Amino acid sequence: MPHPLDADAVRTWCALALQALGRERERIDAINVYPVADGDTGTNLYLTVESAARAVEAAFDGHGASGTAPGLADAVGAMAHGALIGARGNSGTILAQLLRGMAEILGDGYGAEPGGPAAALKRALRRAAESTYEAVAHPVEGTVLTVATVAAQAAERADGTPAAVARAAYEGARTALDATPGQLAVLGRAGVVDAGGCGLVALLGALAGALSGEVPTAAIAVRPDAPVPVPGGCPAVQGDAPDQEGPHGDPDGPAFEVIYLLEADDAAVARLRTRLDGLGDSLVVVGGDGLWNVHVHVDDAGAAVEAGIEAGRPYRIRITHFGAPDGGRGTRRREPEPAARAVVAVVPGDGLAGLCAEAGVTAVTVRPGEPPASGELVQAIRQAHAREVMLLPNDPELRHTAAAAAEQARTEGVRVALIPTRAAVQGIAALAVHEPARSFDEDVVAMTAAAGATRYAELAVAERQSWTMAGVCQAGDVLGMIDGDVAVIGSDLATTAATVLDRMLSAGGEMVTLVLGAEFPDSVAERLERHVRERYLAVDTVVYEGGQRGAPLLIGVE
């Protein structure tokens with residue numbers, strides 16, 4: 001039975017898309033030859049949609065807590081925002097812009113125009129296709145851009161309900177996908193369709209399924225005469241794997257992929273586009289309203305990041321080395337042997353991420369209200385490239401997410417231990433006793449014990465009046481939270497922090513760890529060090545520049 005395009009349909013769309021991309025991830029990875037044959041398009045699309053789906057669920061949870069239900073504008077806006085902040089790779093970045101284009105139309109007033117909801121969905125698909133061309137510095141036909149355009153054109157010709165429009169877009173995308181090998185030489189040589197376009201077909205199939213109640217089951221083929229044995233699947237690789245060529249079929253293409261989120265105004269982003277376009281290729285900049293996702297392939301990764309710093313504030317910076325040719329056309333260096341053991345940690349600030357990097361730890365940097373998805377943790381475990389991995393979630397809210405990531409990594413042959421760290425300071429304590437030379441089990445016990453022996457606290461600023469364990473707080477009050485509960489309500493950072501330290505040290509302690517937020521005053525940090533030194537003679541204090549945005553100060557007492 002057809003379903004209206006509302007918030008529930010968007011939620012279902014996300015779930016179906018995630019299922020489809022999860023099922024087809026490896027197949028899409030296998031046919032990935034453009035713009036770089038790095039075999040990760042399926043994975044990147046899956047992680048991007050997973051972030052979008054989490055954002056939609058968060059929108060439902062937020063409205064549910066207040067006894068209301070989200071509207072279509074809330075749900076589709078959350079989906080687009082989630083894709084933007086979680087976009088991975090060239091394909092994921094383009095997908096984020098496509099969803100943003102749809103969200104521009106499917107907002108308040110959806111369906112009120114002549115033609116009703118069906119006409120609005122047509123216009124949304126058209127805007128989505130147009131926006132992808134605006135985001136890509138040098139659009140190339142035979143890619144996901146072409147597939148999106150043909151899908152929108154097919155939707156324009158459809159009559160009836162939004163379900164019929166979505167179905168027409170899906171069928172148009174399938175037809176366009178079949179034609180991509182004849183439009184882009186690198187695809188024709190490899191004998192495959194465009195991997196990003198294949199992901200878009202899966203996404204549109206999920207939309208059609210969410211609106212019609214019938215998930216498409218027709219096979220998608222590499223060629224019209226080469227059907228795929230998996231119903232509804234993307235093309236399997238026929239015969240040998242595609243040639244592993246570099247960017248645009250050039251084995252001497254840029255060596256690095258650089259991706260970051262950027263807070264900047266429109267004028268600064270326009271200058272950034274010009275700067276990055278001169279540094280490399282595969283440039284895609286998506287977003288708006290002050291928040292952008294930047295993707296580019298370059299040889300000088302540092303210059304690409306510096307350009308972002310000049311434009312605004314880049315964060316969640318990810319740099320991936322494609323690997324250099326080893327002499328054969330389009331081949332890459334042999335993958336190095338995995339390390340014996342590695343550590344993956346979730347951290348709340350760039351400063352802590354830098355500390356992790358110095359210690360050889362793979363860090364997943366997060367911002368307030370933007371927890372990592374399980375797929376992002378799985379990617380970090382893969383990136384660590386080790387036979388054994390210690391996973392530190394550093395947040396009680398990530399317990400289930402981290403457990404799911406660990407389980408997935410185990411199915412891939414990695415031995416993973418989930419260390420139950422509930423705060424970044426517990427993670428620091430666990431890292432201090434990490435010893436790869438020990439047996440795996442002994443290392444797990446030692447890290448778990450060190451984390452458990454560390455009490456944790458943080459300061460936060462109240463956003464509104466609220467009841468707490470320590471009484472009623474007002475907007476602007478400084479809250480001192482010990483082991484997750486509000487224990488102190490104060491008026492300034494220094495006094496509140498000192499009171500929290502006194503309460504924690506009243507039960508004893510040998511070392512205090514202070515992790516300073518991005519805007520925490522150095523003078524207050526020095527005052528707290530002096531406070532501990534003068535009152536607790538046997539207690540040492542260590543201070544780190546954490547750079548976190550959510551909490552002005554993190555405190556640990558071992």
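How do the residues of the lining of the second largest cavity divide into nonpolar, polar and charged? The answer comes below, after the cores of this predicted model.

## Nonpolar cores

The largest nonpolar core holds 89 residues, and W13, M102 and L125 have the most contacts inside it. Helix α9, which spans residues 195-212, supplies 12 residues, the largest share of this core.

Leaving aside residues up to four places away in sequence, M102 touches W13 and L125, and also L121, A124 and A128. Another core lies apart from the largest one and has 25 residues, including L505, F520, A525 and V539.

## The largest cavity

Two cavities of 30 Å³ or more turn up in a search of the whole structure. The largest has a volume of about 100 Å³. Its lining consists of L21, L45, V49, S91, I94, L95, L98, V144, G196, G199, L200 and L203.

Helices α2 (41-65), α4 (89-105) and α9 are the elements that each give two or more residues to this lining. By class, the lining has nine nonpolar residues, three polar ones and no charged ones.

## The second largest cavity

The second largest cavity encloses about 60 Å³ of space. Lining this cavity are L98, L125, A128, A129, A148, A151, A152, L200 and L204. Here the elements giving two or more residues are α5 (116-135), α6 (144-156) and α9.

As for the opening question, the residues of this lining divide into nine nonpolar, no polar and no charged. L125, one of the residues with the most contacts inside the largest core, is also part of this lining.

Terms used:
Residues numbered from 1 in each chain as written. Predicted model: local features only at pLDDT ≥ 70, side-chain atom pairs only at ≥ 80, totals over all residues. Heavy atoms only, no water. Core = buried A, V, L, I, M, F, W, Y, C linked by side-chain atoms within 4.5 Å. Buried < 20%, exposed > 50% of the residue type's maximum accessible area, 1.4 Å probe, protein only. Helix = DSSP H or I, 4+ residues; strand = E, 2+ residues; numbered from the N terminus. Contact = heavy atoms within 4.5 Å. 1 Å grid on protein atoms, 1.4 Å probe; cavity = no way out; pocket = protein on both sides within 12 Å on 5 of 7 lines; lining within 4 Å. Points joined across faces, edges and corners; volume = space filled by probe spheres on them. Nonpolar A, V, L, I, M, F, W, Y, C, P; charged D, E, K, R; others polar.
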